Amino acid sequence: MKEKTFQYIVPCHFGTESVLKREILNLGYEIDSVQDGRVFFSADEKAIARANIFLRTAERVLLCVGIFQARTFDELFEGTKALPWADYIPKNGRFWVKKASTKNSRLFSSSDIQSIVKKAIVNKLHDAYHISWFEENSDDYPLRVFILNDVVTIAIDTTGESLHKRGYRRLAGAAPLSETLAAALIMLTPWHADRILVDPFCGSGTIPIEAAMIGANIAPGMNRSFTAENWGNIIPKKDWYEAVTEADDLIRTDVEMNIQGYDIDNDVIHVAMNNAREAGVDRYIHFQQRDVRDLHNPKKYGFIITNPPYGERLEDKETLPALYRQIGESYRGLDSWSMFIITSYEDAQKYIGRKADRNRKIYNGMIKTYYYQYMGPKPPRRRKERTESQR
């Protein structure tokens, strides 16, 4: 029997699409296309489990049911009804349009879109199952509808709570960075587990914890549940067990890492330590109350990856020049280090005292931020590597 191929839509933070694409390719799947803030790929039903468990930078995994054009509500109804809904939703499945978004399209009322899509699906399932009333007392099949340039995409959410909910962050600081964005920031750098990493504004510890999980190859979705786990009509339970076993086998238990997280607030340091314990990576990270002015380290070729204050509140903006000037001074005191800073502060480079080697625009929620990348020199190749290359 030939395996069925599905199309998946995986949203991510704007500006991190290249990282997500690389992750999907590394899972062995074929990329269909890349759009702003989402990647499309094709794979079998096992990808529902593997993508949810393994992808670090994805917001969720959506199972695409259909794509069609609609300029009127009649076209939306007929296009939705034409899709093979009985292949996805059992007769007692609970389904609703959880979110409808539209851009540059003639259909713009989210509530009307939600209502019409639901009505069309009920109409189609009525014909398929020959029943007039749907109990909807079984498993959840939440739907998402996107309309862009009059092209409608309808998908079922396999994830549930967003994938940034890893399960380890019980508490957070005042302006936490999401786990998915933190992972993307790390993966946009050449950092590896054998290089020191310091976050001098670690807050609740998200960047150090995500780095430790990457270094130890701990899959981010191992310790949480997903909506699609009960979809026996699409993906058997054994595929979930196999994906978790695969993830467990890939964990590097012998890895050694030097990851450090500092923050001026001692209370938030204790939060970070608790979060690291929950994530099972506390042995890899040293957290300490420390001001950025006290950032110094004798080791060479280290990395700073950090999310300093942006000054979103008006009263905080006055402190930013001195803060970013201090970041620049501390960085200049570190021999051959690289530094990666995400911030919405547009004068960051001016006060750091050096133009970044690279600058990537990334949206942190609705906030436009810049990922300033200061590249230090590459470390010399180790003697063993040189010897092997000469053989």
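**Close-ups of a cavity and a helix**

The lining of the largest cavity is made up of eight nonpolar and two polar residues, with no charged ones. Everything shown here comes from a predicted model.

**View 1. The largest cavity and its lining.** There's one cavity of 30 Å³ or more in this structure. The largest cavity holds about 40 Å³ of space. Look around its wall and you'll find Pro200, Phe201, Val292, Leu295, Ile304, Thr306, Ile327, Ser330, Tyr331 and Met339.

**View 2. Who builds the cavity wall.** Two elements each put two or more residues into the lining of the largest cavity: strand E11 (303–306) and helix H10 (320–332). H10 chips in the most, with three residues.

**View 3. Helix H7 from end to end.** Helix H7 covers residues 237–249, 13 residues in total. At 1.5 Å a residue it should span 18 Å, and its end C-alpha atoms sit 19 Å apart, which agrees.

**View 4. The two sides of H7.** Asp239, Trp240, Ala243 and Ala247 are the buried residues to look for in H7. Seen down the axis of H7, the buried residues fall within an arc of 105°, so they line one face of the helix. Swing over to the other side of H7 and you'll meet Tyr241 and Asp249, which are exposed.

**View 5. What sits over the buried face of H7.** The buried residues of H7 have a cover that includes helix H2 (46–54). Keep Trp240 and Ala243 in the frame here, as both are among the buried residues of H7.

Conventions. Residues numbered from 1 in each chain as written. Predicted model: local features only at pLDDT ≥ 70, side-chain atom pairs only at ≥ 80, totals over all residues. Heavy atoms only, no water. Helix = DSSP H or I, 4+ residues; strand = E, 2+ residues; numbered from the N terminus. Expected span 1.5 Å × (residues − 1). Buried < 20%, exposed > 50% of the residue type's maximum accessible area, 1.4 Å probe, protein only. Arc of directions from axis to C-beta. Contact = heavy atoms within 4.5 Å. 1 Å grid on protein atoms, 1.4 Å probe; cavity = no way out; pocket = protein on both sides within 12 Å on 5 of 7 lines; lining within 4 Å. Points joined across faces, edges and corners; volume = space filled by probe spheres on them. Nonpolar A, V, L, I, M, F, W, Y, C, P; charged D, E, K, R; others polar.
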